[in-house]
Amino acid sequence: MAQIFHRSTNTISRATIFGAVFIVAFLFWAAAQVQRSPYVTYAGVVRPQPVPFSHQHHVAGLGIDCRYCHTSVEESRFAGIPPTKTCMNCHAQVWTKASLLEPVRESLRTDKSLVWTRVNDLPDFVYFDHSIHIHKGVGCDTCHGPVDRMPMMYNYGSLLMEWCLNCHRAPEKNLRPREQVFNMRYQQPSSDNPVLLDGRSFSDQDSLGTYLVTKYKVRTVADITSCDTCHR
Amino acid sequence: MDDPTQATRGSRTAPVIEPGYTFATITDKISSIVLTRPVSNGWLVGFGVGFLITMMLLYAMGYLFLRGVGIWGVNIPVGWGFAIVNFVWWIGIGHAGTLISAILLLLRQQWRNSINRFAEAMTLFAVACAGMFPVLHLGRPWLAYWLFPYPNSMNYWPQFRSPLVWDVFAVSTYFTISLVFWFIGLIPDLATLRDRAENKWAAIIYGILAMGWRGSARHWKRYETAYLLLAGLATPLVLSVHTVVSFDFAIAILPGWHTTIFPPYFVAGAIYSGFAMVLMLAIPIRKFYGLEDFITQRHLENSAKVMLATGLIVAYGYAMEAFMNWYGGNPYDNYLLWNRLHGPYAPIYCALLFCNIVFPQVLWFRKWRTNPGLLFLVSFVVLVGMWLERFIIVVVSLHRDFQTSSWGMYYPTKWDWMTYIGTLGFFMAAFFLFIRILPMISIFEMRTLLPEAKEVKAE
């Protein structure tokens, strides 16, 4: 009786079994990469907006404070999206004929809000509060990135849970004095560039962060990583 | 050891294989069922029914994925319902297969050789049915992989202190070991089928599965070592898997769940129901495929004795539960006992006592123990009883706990029934496929039962 399989089958089957280990490992690795890639998280991806509003121009160019538009960021969960009237405070005087701004003027005429595309959008099962972060000394750019260098808005972080937890598990790595929260060009302390606070000089983030955790009464890591802190 | 084809205790005990067989006739008889026997109408009907019920299961699952677990009868306070009842029931059934294939192998019980193959297949299909339920029961079944600890983008591990996570490990380990054990056991027989297949494609498929088995002395030496090692690995699983399943209940503080007797009593119950399922499969199979010479009176009787013994352990468990509920003096435990006996689910509790304790006592009598028809009936009653037991454990403890304000009732919906019956159909269809495409009795292990095998060894 003839053999069913050619002799080479032995080698092929060994190579297949051996190779399967790497193929499976690669598939897991690839899935992990895709999950964290901008394809899924949209990190760094500019979203189209009804009006091409430039944070770079308004923040870095004109020096407008974050809170001029995002008025409720210090008191509320929600930072606040400015009403059209906030835009018109200036644009009633400047660029009144600009065609780019026509949707803004139309919004004022018709009394219908501009519908912006939300960029930093956490899932609905996450409870997030801006005010507490600001009061504990988390800078805007810690999460939102260099907004003053974003001609069009994109989300800086991945907004994945690991991204939140990396900070919640070690909050001292990112805290800064409250006065510096809205400073978009704040630098963490170094020996060349110490941070002065309460008559002390901090030359590294570890000592400053540890000091601020106590000073601002940041709750324990066990507290701020508890499930129901964010999933209420 | 004595010649196993001869009766060992006078004429009262049947042999494990009827006399008159040779190596060749054993191989012929078992492999012909797969290779040459035409597809019978009975098989077609059986498989067809199983297949249709499986389709119903898929329909029920599809609707569940669309609408969520709200289509089931579960709600607060009874959040566990049929899904967990069926899970515990199915996984328990699987245990007999592992007991037969691993523990009886290590204990050198030769009567296992003709029932281990299909008992292991039963284990696999039962664990597959069991595994569906916890996943279906999740609110978002498509995220079931969250149960496994993997480096995820949430930067979080599962809650390792939860017995539900232990369950994931227990069941997935159990399935993996059972599958590997079953497959390794099949390899020499797959090679036999490869060599005997007339059809080219059958030869190729069996050939791939046989993984180049030639039956050389070196093959056999390694094979037997591997098989024994796997048996050693599988043996603790017989005890550990259902122990972990019982922790799902015992770790909680509900009356009726929070007891230390749960692990042994669950394991005994698992083997009890498992052997009942083995008998319910073996009795029709030996009849329809004419395998009375291989699955003899002895096998039926031994299985019945195992059922009787484990049934008594289960009865002891019930008695101890009731005694402790009374003797412990805890009013909530006390109430649980009253509620089981007189509450809204009392008829189910009484039915369970009848099915699991009263009726199986007929197995004490040799005349009835050796009557296949009656054994089939006892097995069926025990399977029903063991299902009712899990229903009582899950539902009665949950529906009335410490606060009367949170009491409620549980009524299964048609979707609950469709899912449960659907898994029975899936089990049936899978088993029908198994007996057509794989040797349902281990050919090479049957051959070792012949006197010739002993003579060769003696030389």
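1. In this predicted model, the contact between the two chains draws eleven residues from chain A and ten residues from chain B. On the side of chain A that touches chain B, helix 1 (8-36) and helix 9 (161-168) each supply at least two residues. Sorted by class, the residues on that side of chain A comprise six nonpolar, three polar and two charged.

2. Within chain B, a pair of helices deserves attention, and two packed helices are described by the angle between their axes and the distance between the axes. The axes of helix 1 (residues 23-35) of chain B and helix 5 (residues 163-196) of chain B come within 11 Å and cross at roughly 70°. Because angles of 65 to 115 degrees count as roughly perpendicular, these two helices of chain B are therefore roughly perpendicular to each other.

3. The residues that form this crossing can be named: from helix 1 of chain B come B:Thr27, B:Ser31, B:Val34 and B:Leu35, and they meet B:Thr192, B:Leu193 and B:Arg196 in helix 5 of chain B. By class, this contact has three nonpolar, three polar and one charged residues.

4. Helix 8 (residues 262-288) of chain B has 27 residues, which at 1.5 Å a residue should span 39 Å, and the end C-alpha atoms of the helix are 39 Å apart, so the expected and modelled spans agree. Of those 27 residues in helix 8 of chain B, 20 are buried, and the helix is therefore largely enclosed by the rest of the structure. Just after helix 8 of chain B, B:Gly290 takes a positive phi of about 60°.

Notes. Residues numbered from 1 in each chain as written. Chains lettered and ligands numbered in written order. Predicted model: local features only at pLDDT ≥ 70, side-chain atom pairs only at ≥ 80, totals over all residues. Axes fitted to C-alpha atoms, helices over the stretch in contact; angles between N-to-C directions. Helix = DSSP H or I, 4+ residues; strand = E, 2+ residues; numbered from the N terminus. Parallel < 35°, antiparallel > 145°, perpendicular 65-115°, else oblique. Contact = placed C-beta atoms within 7 Å. Nonpolar A, V, L, I, M, F, W, Y, C, P; charged D, E, K, R; others polar. Expected span 1.5 Å × (residues − 1). Buried ≥ 20, exposed ≤ 12 C-beta atoms within 10 Å, placed from the backbone.
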